[in-house]
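Trainee: Hi, have you got a few minutes to go through a structure with me? I'd like to ask questions as we look.
Mentor: Sure, put it up and ask away.

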Amino acid sequence: MRASIQSYLLAEALRYLEEEAATPQSVPDIDKQAIAAGATFADRILVRAANLAAATGLVSAVRQAGRRLRFIVMALLVLCFGIGVGVTHALPEGLPASANVVSLLAVLLLPNLVSLLLWLGLSIAALLQRSGQKASGWLGEQSLALYTLLERRLQADSNRRAAGRAWRGFLTGTSAGRLRLMLISQLCWTSLLIGALTGCWWLLVIRQVDFVWGSTLLTTADVQSLLGSLTRWVSAFGFTVPSADDIAVSRLGTLVSDPDLRRRWGIFVLGALISLALLPRLFACLLNILSISRWS
């Protein structure tokens, strides 16, 4: 934890502790040290808070609150990974199984795409307002809400309550904190995508799947154009992809049993997950981390 953030958290925790007790914490020696050590009023407040926090056990409470928050985030990441694996049950059962490739790609890619577009829109809006990151990630907010619920259930003592309020105030009331909540959301999506990629890879290893498509309104040329734009993108990353002829022969009712065609479709689905979902999400995480470094 950065020293500046710890100083902020200790000062806020002490403020909440004094607010709850309806009386200021006062130790004459510590007050004198603060008056002598600080060049400005803000410096004296921080010095007083640090010394009083050490004397009252607030330092330990703030650190423990941070560890509990990290544990909740890790549990949420594991849960998202499990959900990602579960999403791959969109691949149907059967010997051999027959999966609509358009529907499968929509299930695997569209939710992540919508989330990325929302993040991008909020980030652009924040830049235009020139006031730092305004919004925080929804999944990050849920992890904070879960932490708050657990704290209430456990009936924490005054130090623990003050430390929890300080952390919540930092994460929701400062640009650096809101960026951390946004990063938690980005990491949750990344974990979900890794789970989906792992689940798809495993199911394609142990299950024979024929990838098909079918449409009442779209012609073969329409679908070739639609999927062709995706295959060109995925192939640019070195993945094997179906050709235009492969797409044509994969229409429902015309598919022939071809192990090589089946393998090309499988590699394309995995490549689409990596290049169209996972890599953009990792890039978003990197930008979020750089923003945190700027605002911290």
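Trainee: How many aromatic pairs does the count come to?
Mentor: Five aromatic pairs. Keep in mind that this is a predicted model.

Trainee: Okay. What can you tell me about the rings of Tyr-8 and Phe-170?
Mentor: Their centres are 5.9 Å apart and the planes meet at 55 degrees, so the pair is tilted. An angle from 30 to 60 degrees falls between stacked and edge-to-face, which is why the word is tilted.

Trainee: And where do those two sit in the chain?
Mentor: In distant parts of it: Tyr-8 is in helix H1 and Phe-170 is in helix H7, residues 158–173. They are 162 residues apart.

Trainee: Buried or exposed, say for Phe-170?
Mentor: Phe-170 is buried, at a relative accessible area of 4%. Tyr-8 is partly exposed, with 29%.

Trainee: Which residues do ring pairs link into a cluster?
Mentor: Tyr-8, Trp-167 and Phe-170. Trp-167 is in helix H7 and counts as buried, with 9% relative accessibility.

Trainee: How far is Trp-167 from Glu-12 in space?
Mentor: The distance is 8.6 Å, C-alpha to C-alpha, although 155 residues separate Trp-167 and Glu-12 in sequence.

Trainee: What about Trp-233 and Phe-237, how are their rings arranged?
Mentor: That aromatic pair is tilted too, with 5.3 Å from centre to centre and 55 degrees between the planes. Trp-233 is partly exposed at 42% relative accessibility, and Phe-237 is partly exposed at 39%.

Trainee: Changing topic: how many disulfides does the structure hold?
Mentor: Zero.

Trainee: Why is there no bond for Cys-80?
Mentor: The closest cysteine sulfur to that of Cys-80 belongs to Cys-188 and is 4.0 Å away, which is too far for a bond. The cut-off here is 2.5 Å between the sulfur atoms.

Trainee: Is Cys-80 buried or exposed?
Mentor: Cys-80 is buried, with 6% relative accessible area. Cys-200 is buried as well, at 1%.

Trainee: Now the helices. How do H6 and H8 pack?
Mentor: Helix H6, residues 138–153, and helix H8, residues 175–206, pack at about 105 degrees with their axes 6 Å apart. That angle makes H6 roughly perpendicular to H8.

Trainee: Which residues make the contact?
Mentor: On the H6 side there are Trp-138, Leu-139, Gly-140, Glu-141, Ser-143 and Leu-144. H8 brings Leu-181, Ile-184, Ser-185, Cys-188 and Trp-189.

Trainee: And what is the contact of H6 with H8 like by class?
Mentor: Seven residues are nonpolar, three are polar and one is charged.

Trainee: What about Arg-178, where is that found?
Mentor: Arg-178 is in helix H8. Arg-178 is buried, with a relative accessible area of 14%. The C-alpha atoms of Arg-178 and Glu-141 are separated by 9.0 Å, with their positions 37 residues apart along the chain.

Trainee: One last residue: what does Glu-18 touch?
Mentor: Leaving out residues up to four places away in sequence, Glu-18 touches Thr-23, Pro-24, Gln-25 and Arg-48. Glu-18 belongs to helix H1, residues 3–21, and is buried at 17% relative accessible area.

Trainee: Thanks, that helps a lot!

Terms used:
Residues are numbered from 1 along each chain as its sequence is written. This is a predicted model: local features need pLDDT of at least 70, side-chain atom pairs count only at pLDDT 80 or more; totals for chains, interfaces and linings use all residues. Side-chain values use heavy atoms; hydrogens and water are left out. Buried means under 20% relative accessible area, exposed over 50%, partly exposed in between (1.4 Å probe, protein chains only). Axes are lines fitted to C-alpha atoms, for helices over the stretch in contact, and angles run from 0 to 180 degrees between N-to-C directions. Helices (H or I, at least four residues) and strands (E, at least two) are DSSP runs, numbered from the N terminus. Angles under 35 degrees count as roughly parallel, over 145 as roughly antiparallel, 65 to 115 as roughly perpendicular and the rest as oblique. Contact means heavy atoms within 4.5 Å. Ala, Val, Leu, Ile, Met, Phe, Trp, Tyr, Cys and Pro count as nonpolar, Asp, Glu, Lys and Arg as charged, and the others, Gly among them, as polar. Rings of Phe, Tyr and Trp (its six-membered ring) pair if their centres lie within 6.5 Å; planes under 30 degrees apart count as stacked, over 60 as edge-to-face and the rest as tilted.
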